[in-house]
Amino acid sequence: MAETRFLVVRNDEEQYSIWAADRDLPAGWHDAGFAGSRGECLAHIDTVWTDMRPRSVREAAR
């Protein structure tokens with residue numbers, strides 16, 4: 001059985017998630033430019049998502 005491929009996706013608040021590559025993206029989410037196994041995608045998110053606060057909260061704190 002082939003391993004499911006995932007995409008790293010990001011919303012307008014710059015929050016990340018993973019999504020099965022063979023499914024349409026849900027409204028409000030965009031391809032963040034990384035694909036791989038579930039583990040690879042989660043590891044990538046751990047690297048790039050360093051501030052868990054939504055963008056609007058980060059901007060309000062400036």
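**Exercise 1. Work out which residue of strand 2 stands opposite leucine 7, and describe how strand 1 and strand 2 are joined.**

Step 1. In this predicted model, leucine 7 has tryptophan 19 of strand 2 standing opposite. A further position can be read in the same manner, for valine 9 has serine 17 as its bridge partner in strand 2.

Step 2. Strand 1 covers residues 6–11, and its pairing with strand 2 is antiparallel and runs over five bridges. As background, the strands of a sheet pair through backbone hydrogen bonds, in either a parallel or an antiparallel manner.

Step 3. The two strands make a hairpin with four residues between them, and in the turn glutamate 14 has a positive phi of about 60 degrees. Glutamate 14 takes this positive phi although it is not a glycine.

**Exercise 2. Place the hairpin in the sheet and in the protein, stating in which order the strands lie and which of them are edge strands.**

Step 1. The protein contains two helices and three strands, and from the N terminus onward these elements follow the order β-β-β-α-α.

Step 2. The three strands form an open sheet with the order 2-1-3 and antiparallel pairing. Strand 2 (16–20) and strand 3 (29–36) are the edge strands, each of them pairing on one side only. From one strand to the next, the twist averages 35 degrees.

Step 3. For the protein as a whole, the C-alpha atoms fill a box of roughly 50 × 25 × 15 Å along the principal axes, and 23% of the 62 residues count as buried. Among the contacts with a separation of 6 or more, 44% come from residues 24 or more positions apart.

**Exercise 3. Sort the side chains of strand 2 by the face to which they point, and then follow tyrosine 16 to its aromatic partner.**

Step 1. The side chains alternate along strand 2: Tyr16, Ile18 and Ala20 point to one face and are buried, whereas Ser17 and Trp19 point to the other face and are not buried.

Step 2. The structure has one aromatic pair. Its members are tyrosine 16 and tryptophan 49, whose ring centres lie 5.7 Å apart and whose planes stand at 50 degrees, so the pair is classed as tilted. The reasoning rests on the cut-offs, since planes under 30 degrees apart would count as stacked and those over 60 as edge-to-face.

Step 3. Because tyrosine 16 belongs to strand 2 and tryptophan 49 to the loop between helix 1 (38–48) and helix 2, the pair ties together parts that are 33 residues apart in sequence. Both tyrosine 16 and tryptophan 49 are buried.

**Exercise 4. Find the salt bridges of the structure, and decide for each partner whether it is buried or partly exposed.**

Step 1. Searching the whole structure gives two salt bridges. In general terms, side chains of opposite charge can pair when their charged atoms come close.

Step 2. One salt bridge joins glutamate 14 to arginine 58, with 2.4 Å between the closest N and O atoms. This pair links distant parts of the chain, for glutamate 14 sits in the loop between strand 1 and strand 2 and arginine 58 in helix 2 (residues 55–60), 44 residues apart. Glutamate 14 has a relative accessible area of 29% and is therefore partly exposed, while arginine 58, with a relative accessible area of 19%, is buried. The cut-off that separates the two is 20%, since buried means under that value.

Step 3. The other salt bridge is formed by arginine 53 and aspartate 51, whose closest N and O atoms are 2.7 Å apart. Arginine 53 counts as partly exposed at 37% relative accessibility, and aspartate 51 likewise counts as partly exposed, at 26%.

**Exercise 5. Describe the surroundings of glutamate 14 beyond its neighbours in sequence.**

Step 1. If the neighbours within four places in sequence are left aside, glutamate 14 is in contact with Trp49, Arg55 and Arg58. Arg58 is also the salt-bridge partner of glutamate 14, and Trp49 is the residue whose ring pairs with that of tyrosine 16.

Step 2. Serine 56 offers a further comparison of sequence with space, for glutamate 14 and serine 56 are 42 residues apart in sequence and 9.1 Å apart from C-alpha to C-alpha.

Methods
Residues are numbered from 1 along each chain as its sequence is written. This is a predicted model: local features need pLDDT of at least 70, side-chain atom pairs count only at pLDDT 80 or more; totals for chains, interfaces and linings use all residues. Side-chain values use heavy atoms; hydrogens and water are left out. Two strands pair if DSSP finds at least two bridges between them. Axes are lines fitted to C-alpha atoms, for helices over the stretch in contact, and angles run from 0 to 180 degrees between N-to-C directions. A salt bridge is a side-chain nitrogen of Lys or Arg within 4 Å of a carboxyl oxygen of Asp or Glu. Buried means under 20% relative accessible area, exposed over 50%, partly exposed in between (1.4 Å probe, protein chains only). Rings of Phe, Tyr and Trp (its six-membered ring) pair if their centres lie within 6.5 Å; planes under 30 degrees apart count as stacked, over 60 as edge-to-face and the rest as tilted. Contact means heavy atoms within 4.5 Å.
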